[in-house]
Amino acid sequence: METNHQLLTNLFPTIEDIPDSVKINQPVHQKRLLINGELLEWNGPTHIVFSPIHIKTNGGDETQFVIGSYPLATSKEAETALDAAVKAFNAGRGEWPAMPVQQRIKHLEDFTYQMIAKRSEIVKLLIWEIGKSTVDSEKEFDRTVEYIYETIKAVKKLNNNSSAFQVQQSFIGQTKKVPHGVVLCMGPFNYPLNETFTTLIPALIMGNTILFKPPKHGTLLFEPLLEAFRDAFPKGVVNTLYGRGRDIVPALMTSGKIDVLALIGSSKVADSLKKMHPKSNRLKSVLGLDAKNAAVILNDADIELAVKESITGALSFNGQRCTALKILFVQDQIVERFNQRLVEEIEKLSIGMPWLKGVNITPLAEPEKPAYLLESIDDAIANGAKVLNAHLGGGKNHLSLVKPAILYPVNENMKIYREEQFGPVIPVVSFSTLDIPIEYVTTSPYGQQVSIFSSDAEAVSLLVDTLAGQVGRINLNSQSQRSPDTFAFNGRKDSADGTLSVDEALLAFSVDSVIATKQNDANEQLVQTILQHNLSRRLSNSVAF
Ligand code: G3H
C-alpha cells in the first residue's frame with residue numbers, strides 16, 4: 001500500500017502527461033519594458049521564473065520547470081518610467097487627464113478588446129506561474145474583464161450629474177472629479193491580474209497616469225498585454241516597472257512624485273513605503289493588506305453548511321486568498337462532530353495539477369511557503385494541538401504540494417493563532433461563550449471580515465453589533481469573500497485603507513474640483529459666457545470632465 005507521502009510524490013507530471021491545451025511550448029523570455037509609450041529592449045540581468053509545478057524526468061527525478069524570465073531592471077529604469085508618468089500627467093494638463101471621459105472610455109474599451117484576444121495565453125501563464133487551477137484562472141480572467149465593464153458603467157453614472165450647478169447660500173458651484181496624478185500600482189501574487197487591475201483600471205479611467213509593478217510571482221502573464229497597453233493609451237500613461245521591489249520602489253517613493261500608492265500586499269511593506277515619501281499628506285493610499293478572518297460557528301449552526309463553507313473559505317486556491325477563513329472558532333457542544341465532518345470532507349478533496357478536472361489543492365506559489373506551514377504545524381503540536389487528519393496525510397508535504405492539515409485544539413500560545421498562514425492549514429479553536437471569539441476579533445491587529453454560522457437571531461445580532469466596529473464585512477452563514485465586486489471591499493485596522501468596490505474605487509482615485517462664485521449678475525454673466533463659448537475645459541456644461 002502506498003504511504004501518504006508516496007501519494008503526494010506521484011502527482012507531478014512528466015512532460016507527456018501535460019495536456020496540449022495548457023502546454024507551454026516555448027518559455028516566455030520577456031525582454032521588454034514599457035516606458036513612455038515604447039517597448040524598450042532589455043539586455044541586462046533577468047529573473048528566471050520557475051513554476052511551482054515540478055516535472056518528472058524519465059529517470060524519476062522531479063525538476064522545477066522553467067517557464068521564462070523577466071527583466072531585473074534597476075532604479076534608473078524606474079526613474080525613467082516615473083519621469084514619463086509625471087510628464088504624461090503634466091500637472092493635470094496632460095493629454096490623458098485633460099481628455100473627456102468618453103474618450104478615455106474608448107481607449108479602455110480598445111485595450112479590453114485586445115486583452116480578450118489574449119485570454120488563453122494569460123490563463124496558461126496564470127496556471128504555470130502561480131499554480132492556480134484552470135477553472136479558477138479562467139474565472140480570474142473573466143472576472144477582470146467583467147470588472148472593467150462594470151467600471152465603465154460606473155464612470156458613466158458618476159459622470160452623468162457632473163455638469164449640474166448647485167445654488168447654495170447665494171453661491172453657485174459646480175463639482176467634478178479630477179485625477180490625483182501619478183499612481184504606483186502593485187498587485188499580489190494570488191490574484192496577479194485581477195487585483196492589480198482593480199486598482200489600475202479605476203486609476204486609469206479617472207485620468208491618472210500609471211506605474212505598475214507586477215508581483216514577484218505572476219509577472220509573465222502581463223507580457224501578452226504590453227503591446228495593448230502601448231497601443232491603446234497615449235504615451236507615458238501606462239508604464240511598467242520590472243525588477244526587485246527593494247531595488248526600484250524606494251527611489252520612486254523618496255522622489256515625492258508618487259501621488260497615490262495602490263498596493264495589495266502586506267501591511268509591513270505598505271508601512272515602510274509610506275514612510276519613504278517625503279510629503280506624507282500629499283501621498284494618498286489605497287491599500288488591501290493582511291487579514292486573519294475568523295469563522296464563529298455556534299452550537300445551533302447547520303453543521304453541514306458550516307463545514308462546506310469553512311472548506312471553501314479556508315481552502316479555495318489552497319487558502320492563498322486575503323479573504324480566506326484563517327481560523328475557525330467552533331462552540332464546544334458541536335466541535336467534535338464538526339471536526340469529524342471536516343476531516344471526512346477534506347479527505348474528499350482532490351490534490352493535483354491545476355489542469356485536472358475538479359482539482360481542489362494545487363502546488364503552492366511561494367517556494368518558501370511549505371517550510372513555513374510545516375513549522376507552524378510543528379509549533380502548534382509543541383503547544384498541544386493535534387493534526388486531526390494526520391492519519392490521512394494531513395500536513396504532509398512534497399516539494400510545492402501540502403496536504404491540508406486540520407489543527408485542533410488551537411490556543412493563543414501557537415503562532416498559527418495570530419499569524420496569517422496563507423496556505424492549506426485550518427486551525428480550529430473550541431469556545432464556550434461568545435466573549436472568546438469577540439475578544440479574538442477585537443484584539444486582532446487585522447479587521448477584514450468575519451463569518452458567523454447560526455440561526456439564533458439574538459446571538460447573531462449580538463455578534464453583528466459587537467463586531468461591526470471591528471471588520472469591514474460580516475458574512476452570515478457563508479464564507480468570507482470579496483465578491484460581488486460591486487459590494488464595498490475594505491478592512492479595518494491593519495487590513496486596508498480605502499474601499500475598492502467598483503463605484504468607490506473611482507472615488508479613491510479622484511478628488512473633487514469645485515468651481516464656486518457668489519451669485520450676482522456679473523458672476524452669472526461670466527459663467528454664462530464661458531459656457532456658451534466653450535471657453536473652458538473644466539467649467540463646462542459637458543458631462544465630460
Ligand atoms: O485575495 C483576495 C481576493 O480579493 C479574494 O477575492 O474573496 O472574491 O475570492 P474573493
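## Lysine over aromatic rings

Lys 132 lies over the face of Tyr 191, at 3.8 Å from the ring centre. A second ring is placed in a similar role: Lys 132 also lies over the face of Phe 317, with 4.8 Å to the ring centre. The model described here is predicted.

## Aromatic pairs

The structure holds 16 aromatic pairs. One of them joins Phe 197 and Phe 222 in a tilted arrangement, 6.2 Å centre to centre and with 40° between the planes. This pair links distant parts of the chain, 25 residues apart: Phe 197 is in helix 7 (residues 194-205), while Phe 222 is in the loop between strand 9 (209-213) and helix 8 (226-232). Phe 197 has a relative accessibility of 1% and therefore counts as buried. Phe 222 is buried as well, because its relative accessibility is 0%.

Tyr 417 and Tyr 440 form an edge-to-face pair, with 4.9 Å between the centres and 80° between the planes. Tyr 417 belongs to the loop between strand 18 (405-408) and strand 19 (425-431), and Tyr 440 to helix 14 (residues 435-443), so the pair ties together parts that are 23 residues apart in sequence. Tyr 417 counts as buried because its relative accessibility is 9%. Tyr 440, at 2% relative accessibility, is also buried.

## Aromatic cluster

Phe 197 and Phe 222 are also members of one aromatic cluster. Its other members are Trp 96, Phe 111, Phe 212, Phe 229 and Phe 233.

## Surroundings of Thr 323

Thr 323 is located in the loop between helix 11 (303-315) and strand 14 (325-331). Despite this loop position, Thr 323 counts as buried, because its relative accessibility is 4% and the limit for buried is under 20%.

Leaving aside residues up to four places away in sequence, Thr 323 touches Asn 293, Gln 448, Gln 449, Ser 480, Gln 481, Arg 482 and Phe 489. For Asn 293, the separation from Thr 323 is 30 residues in sequence and 6.8 Å in space, C-alpha to C-alpha.

## Nonpolar surface patch

Ile 48, Phe 50 and Val 66 make a nonpolar surface patch of about 240 Å². Within this patch, Phe 50 lies in strand 4, which covers residues 46-56. The relative accessible area of Phe 50 is 42%, so Phe 50 is partly exposed; a residue counts as exposed over 50% and as buried under 20%.

Notes. Residues numbered from 1 in each chain as written. Predicted model: local features only at pLDDT ≥ 70, side-chain atom pairs only at ≥ 80, totals over all residues. Heavy atoms only, no water. Patch = residues over 30% accessible without salt bridge, like charges linked within 9 Å, V, L, I, M, F, W, Y side chains within 5 Å. Areas by Shrake-Rupley, 256 points an atom, 1.4 Å probe, with all protein chains shown as cover. Salt bridge = Lys/Arg side-chain N within 4 Å of Asp/Glu carboxyl O. Helix = DSSP H or I, 4+ residues; strand = E, 2+ residues; numbered from the N terminus. Buried < 20%, exposed > 50% of the residue type's maximum accessible area, 1.4 Å probe, protein only. Contact = heavy atoms within 4.5 Å. Phe/Tyr/Trp six-rings, centres within 6.5 Å; stacked < 30°, edge-to-face > 60°. Lys NZ or Arg CZ within 6 Å of the ring centre and 35° of its normal.
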